[in-house]
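Please look through the structure below. The text after it goes from one chain to a pair of helices and then to the nonpolar cores.

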Amino acid sequence: MSDTATQGTGRRAWYEPDAKLKRRHAADRRLRAYGVAAIVFALAMLMTLVGTIAITAVPAVTQTVVTLNVEVPEGAVDASDPRGGSYQKILNESVARIFPEVDTPREIRELRQLFSNGGQYALRDKVVADTSLIGRTFEITFPLSDIGDQLHKGVIDRDLPREQRRVSDEQIGWYDRLVEQGRISAPLNWGLIFNADSRFPELAGLWGALVGSFYALLICFLVSFPVGIAAAVYLEEFAPKNRFTDLIEVNINNLAAVPSIVFGLLGLAVFLNFFGMPRSAPIVGGLVLSLMTLPTIIIATRAALKAVPPSIREAAIGVGASRMQTVGHHVLPLAMPGILTGTIIGLAQALGETAPLLLIGMNAFITAAPDSMFNPSTALPTQIYIWADSPERGFTSRTSAAIIVLLAFLVCMNAIAIYMRKRFERRW
Amino acid sequence: MLDTTEASGMVMNKTAEEAGALAKAVSTAKAGHETKIAASKVSVFYGDKQALFDVSIDIPERQVMAFIGPSGCGKSTFLRCINRMNDTIDICSVKGTIEIDGANIYDPKIDPVLLRARVGMVFQKPNPFPKSIYDNIAYGPRIHGVAKAGSAMDEIVERSLQRAALWNEVKDRLDQPGTGLSGGQQQRLCIARAIAVDPDIILMDEPCSALDPIATAKVEELIDELRAQYTIVIVTHSMQQAARVSQKAAFFHLGKLIEVDETDKMFTNPSDQRTQDYITGRFG
Amino acid sequence: MSVTLLFAIVLALAFVGYLLGRSSAANLKTAGNNLHSIPPYHGYFVALWCGLPALLLVLVWMAAQSTVVDQLLLASLPSHLTEGATPARISLMLGEIKNVAAGRIFGTPDQATIDAAARYQSMQNTASLAMVVCTLAAAVAGIAFARSRLSPDFRARNRVDGILRWLLIICSILAILTTLGIILSLVIESLSFFARVPVVEFLFGLNWSPQTPIRADQVASTGAFGAVPVFWGTIFISVIAMLVALPVGLFSAIYLVEYADKRIRAIVKPLLEILAGIPTIVYGFFAVLTVAPFIRDFGTSLGLSVASNSALAAGGVMGIMIIPFISSFSDDAITAVPQSMRDGAYALGATKAETIRQVLLPAALPGIVGGVLLAVSRAIGETMIVVMAAGLTATLTVNPLEGVTTVTVQIVMLLTGDTEFDSPKTLAAFGLGLVLFISTLALNILALQVVKRYRERYE
C-alpha cells in the first residue's frame, strides 16, 4: 500500500505539487469559472431585458401635441346640443388657415395625417364644457398623430431617402413650419395613464386596463384571502391526519403547479358557459385568478401557522380557550404578517398573469374604463398583449411603457411584502 | 516528562530552533518516538472571538495522543487545525505554525489538498458518502490518482477494509450503500476510507460519541492496532476512553493547553490543579 | 338593486342580529341565570344564522338566474321559432333578444324578437326583485330562528365553533372542487370533441390545421386535427429552454452555494429570483422586441435563413425565465446535503470541484431532478412567451431556426376571437388542454415524489 503511494513521488517532498495536482486545481478553477459565467449570463439577460424595455419605453414618456387657434362659428355648433357639431370640419378649417397653399386633395389628405384623429373630440369636449366658446376664437391643444409624434421624437429619420421613410417631404416641411410657429410641444404623456384604449397610439392609454386589473385583483383578494386562510387553518390546526386530508394536501400542491392556461379553460367552461357570467368581465377574471392564487396563499399561511410555536397554543388551551378561540385570538394574529406577505406575493403573481384572462376574453378592444366589475374590460397584462400585437409603430414604445408600469406595480407590491417580512418577522 | 512540556513550550520561533531540536532529541531519546507534529503558538479566531490561545505542543510518531477537556475548550478546534479543515470556515483564521515532518503546513506554498491526503480525519458522526461501500473506500485513491479502477483498486479497498477490521463483515456486499451499515460499521468504514489514501496521521474527532458501547469497544480496539502504523490524535470526552487508548494526553481548558503528559501520569498524578479537578469530576 | 348593496345590507342585518343575540343573552344573565356561554357568543350565533343562509342564497341565485330566465324565455317564444331549431340557432336567437333588450339594435328585428326582448327585460327585473326579497326574508328568518334557540343552557360557544369548523372544512374542500372542475370541464368538452374527431387521429395524426370550412361548399380546408406536430413543437421548445436553463441554473447554484462568499450570495440570489418574478408577458415582448431580431440578424449574417418566430428565440427566452427555478431548486438541494459529507471529502484531500462533482451532486441529484421535472412542467405549460414569439403553423421540424407551434399557442389561437362554442375547433382546444393537464400533472406528481423521498433521506 505505502509502496503504491510513494511510488514516483520518490525524492520529492510530500508537500511539493506535481502535474496531477495542477490538473486537479485547474479543474477546480474551471468549475468556478463556469459558475461565474452562468451568473454573469443570467444577470446580463436580466439587465438586457429591463434595459431594452426601459429604453424602448422612453419615447412614450412624452406626447407631441400641437396648439391651434380654432374659430367655432355661431352656425357650426348648436348651443343647445353642442355634441352634434361637425368638429372635424372646424379643425380642418383652422389647419387650412395655417397652410393656405395646400389645395390638392392628396396634399390635404397628407396634411391631415399629421394630426391625431382625437383632435375633434378634444375640441368637442372643450366646447361641451363651456358653450360660451361658440362664436369665438380660442386655442386648443391636442396630440399629433403617430407619424407626427415619431417625426418629433426623431424615431423617423428624415435624412433617409423618401422611399424608406413613412412621411413625405411635404409633411416634413409642414411639420417644420408648425415648429417654427411654436405650435409644437411635447409635455409629459399623462394620457398614457389616464386615457382608455384606442386604435390610435397617440390616444391610447392604460386607464381602462388599470381599472380592470384593480377590480380583478379586488375580487381575487376578497375570495382567495378568507378562503385561503380558512383552508390553511383547517388543514394545519384542526384536520385529523387521514386519507381525505392527505388528498387535499396533495391536491393543493398539484394545483399550485397547474399551468395557468388550464385555469383559463376552467373559467371559460364553468364561469362563462355553465354559469353564463358576462364575457370579458373583471369579475370572471378575478374569480379565475383567485382559484390560481388560492394554493399560494394556503401554502404561505400554513408555513406561517407552523412557525407559531406550540407553547402559545398550549398556553391558550390551558386557560380554557376552545381550539377555535386559540386559533382566532392567538395563533392567527401571530401568523398574520407571514400570511399577508404570502398574500401580497400571490396577488403580485395574479397581477402579471395573462393567459387565463385571454381565454375569458379580457383582451377585448374597449375604449372606455369599466363602470363596474360586470362590464367588459381589459387588464394590465392583456392590454400589453393587445398593444404588442398592434402594427402601428407608436404602440411599440407604449407597450414598453405599459410593461414599465406593470413592473412598477410588481416592484411596489414585492417591496411591501419584503418590508413586512423584515419588520414583523419574529424569531421564537 | 515535565521538562519535555516546558521544552516544547519553548519552540516558539525560528531562533529557538536549536532549542527545539534539542528538546526533540531529548523527547525522542526518552520515549523512543520522534516528534511527528510540532505546533507552536497556535491561536485561532472566529471573527473577533479568539477560540484558541498560543497552543504549543509536540505530538509523537506512531502513538495515540488524546486531547481531553470540557466542551468548548478548543480541543476540536485545534484538531481541525492539523489538517487545515478550518480553512473551509470563512470567518476562521489561524495564527502560529504547525510543522509536520519539519514543514510548516500554514506556509502559503503548502496545498491543503496534499496535506489532507497525508492527514486523514474521522468525524464525530459517521459520514459515509451515499455511495457503495467499495466506492466509499475507492474515492480517496481515485481522486489522488493513486490507483485507477481494476485490480489495483480492489487491492487497496480490501487492504483498507482489513486494516479497519471491517472486511469480514462487508466483503460480500461491497456494492451496497455504505449508509446501510450499522453505526459502528459506518465509523469503521470511515476509518477505512481515511486509511485508503495512505496517510501518516489520522485525526479522530470524538469518533465513538455516536456509537453504542459494543461498537465503541471495536473502534477502540482498532485504534490500538492502527497505532503501529499511524500517528493518531484523538479528541474524546470520555476519560475512560482516553485512558484505554492513548499513550499521551493533552488537557485543554478555555482555549488554552494546560498540560501535556504520559496518559498514565496525567490520570494518576496531574501537575496542574485544573487538570486534577477535571479528571476527578469537579467540572466538565 | 346591485348585488354589492344587497351584500352590504345582509352584512348589516347580521350585525343587527349580533347585537340582538348579545342583548337577549345579557338580559338572561341580568335576570339571574347562569349562562353556559358569554353573551357575545350568542350574538355570533344569531349573526351567523342571519348572514350565512342569506349570502348562500344570493350566490346560488346569481349562478342559476341566467339559465332559468333563458329557459323561461325560450318556453315563451312562439313555437314556429323554436320548433326544430338547432342549439346553435337557439343560442343565436337568445343573443339577439338580449342585444335588443340591452338597446344594442342592429338592423330591424322582427316583432317576435322585440316582444321577447320586452319579456326578457321584465323577467330579469322580476328575478332580481325576487332575489332581493327572498334574501332579506332569509336573513330575517335566520335571526328569528336563532333567537328562539337562545336560553341560559344554550351552548352558543360550541355551536359557533361547530359552524366555523364546517366553514373551514368547506373552504379546504374548495381546492378539491377546483381540481374536479378542471377535470370535469376538460373531460366533458374533450369527449364531445372526440365524438367528432377520433382519439387515435388526434393523438397520432401528423397533420394539424384546425380551420374548419366557413361555408359548407368550401373544400380547401376541411380541418385536420392530428396533434403530433403540436406536441412535437411543445417538446422541442421545452428542450431548447432546458438546454439554456439547466447548465446556467445548475452552475450558478453550484457557484453560489460552494464558491461565492456570503456578500456575493446575498446580492446575486435575490437578483436571480427577480427573473422568476417577471410576468411571462414581459418575456414574450422581450423575445419579439430583442431576441428574435437578434437571432435573425445573426443567422442571416452567417447566411442562414431564420424564421422571425424561430423555435430558438421562444425556447431561449423561456430558458431564461426558467433559470431561477433550476438554480433555486439546485441551491436548496445542494445546501441540504449535510456538512459532514463535505467534511468527509475535504478531509480526504478532495478539491472543491471533486467534492461537488463526486459527492455533493450525486447526493443532491434527486432534489435537482425534482426541480428539473417541475421546470419542464412549467415550460410545457408556459403560454405567453410562445403565444408571442413562437409560430402559429404546426410543422414537424428539428431545425431550431424554423417556427414551430405549441399546445398552449394552439389553445389560445382556437379560443380567442368569436367562435361558436361547440365547433370542433373550440372543442379541440379542450382536447389539447386535457393532454396538457395530464402531462403536467404527471410531471408534478413525479417531481413531488422524488423531492419527498430525497427529504426523507436527510431527515
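Chain B has 284 residues, and 55% of them are buried. This is a predicted model. The secondary structure of chain B consists of twelve helices and ten strands. Among the contacts in chain B with a separation of 6 or more, 66% are between residues 24 or more positions apart.

Next comes a pair of helices from two chains. Two packed helices are described by the angle between their axes and the distance between the axes. Here the pair is helix α11 of chain A, residues 260-274, and helix α15 of chain C, residues 407-415. Their axes come within 11 Å and cross at roughly 25 degrees. Angles under 35 degrees count as roughly parallel, and α11(A) and α15(C) are therefore roughly parallel to each other. Their crossing is left-handed. Which residues meet in this pair? From α11(A) they are A:Ile261, A:Leu265 and A:Leu268, and from α15(C) they are C:Thr408, C:Ile411, C:Val412 and C:Leu415. By class, six residues of this contact are nonpolar, one is polar and none is charged.

C:Ile411 appears again in the largest nonpolar core, which has 194 residues. C:Ile322, C:Ile411 and C:Leu432 have the most contacts inside this core. The element that gives the most to the core is helix α9 of chain A, residues 207-238, with 18 residues. Beyond its neighbours within four places in sequence, C:Leu432 is in contact with residues including C:Phe202, C:Trp208, C:Phe231, C:Gln410 and C:Ile411. Another core, of 45 residues, lies apart from the largest one, and among its members are B:Leu166, B:Leu189, B:Ile195 and B:Met266.

Methods: Residues numbered from 1 in each chain as written. Chains lettered and ligands numbered in written order. Predicted model: local features only at pLDDT ≥ 70, side-chain atom pairs only at ≥ 80, totals over all residues. Heavy atoms only, no water. Axes fitted to C-alpha atoms, helices over the stretch in contact; angles between N-to-C directions. Helix = DSSP H or I, 4+ residues; strand = E, 2+ residues; numbered from the N terminus. Parallel < 35°, antiparallel > 145°, perpendicular 65-115°, else oblique. Left-handed = near helix turned anticlockwise from the far one by under 90°. Contact = heavy atoms within 4.5 Å. Nonpolar A, V, L, I, M, F, W, Y, C, P; charged D, E, K, R; others polar. Core = buried A, V, L, I, M, F, W, Y, C linked by side-chain atoms within 4.5 Å. Buried < 20%, exposed > 50% of the residue type's maximum accessible area, 1.4 Å probe, protein only.
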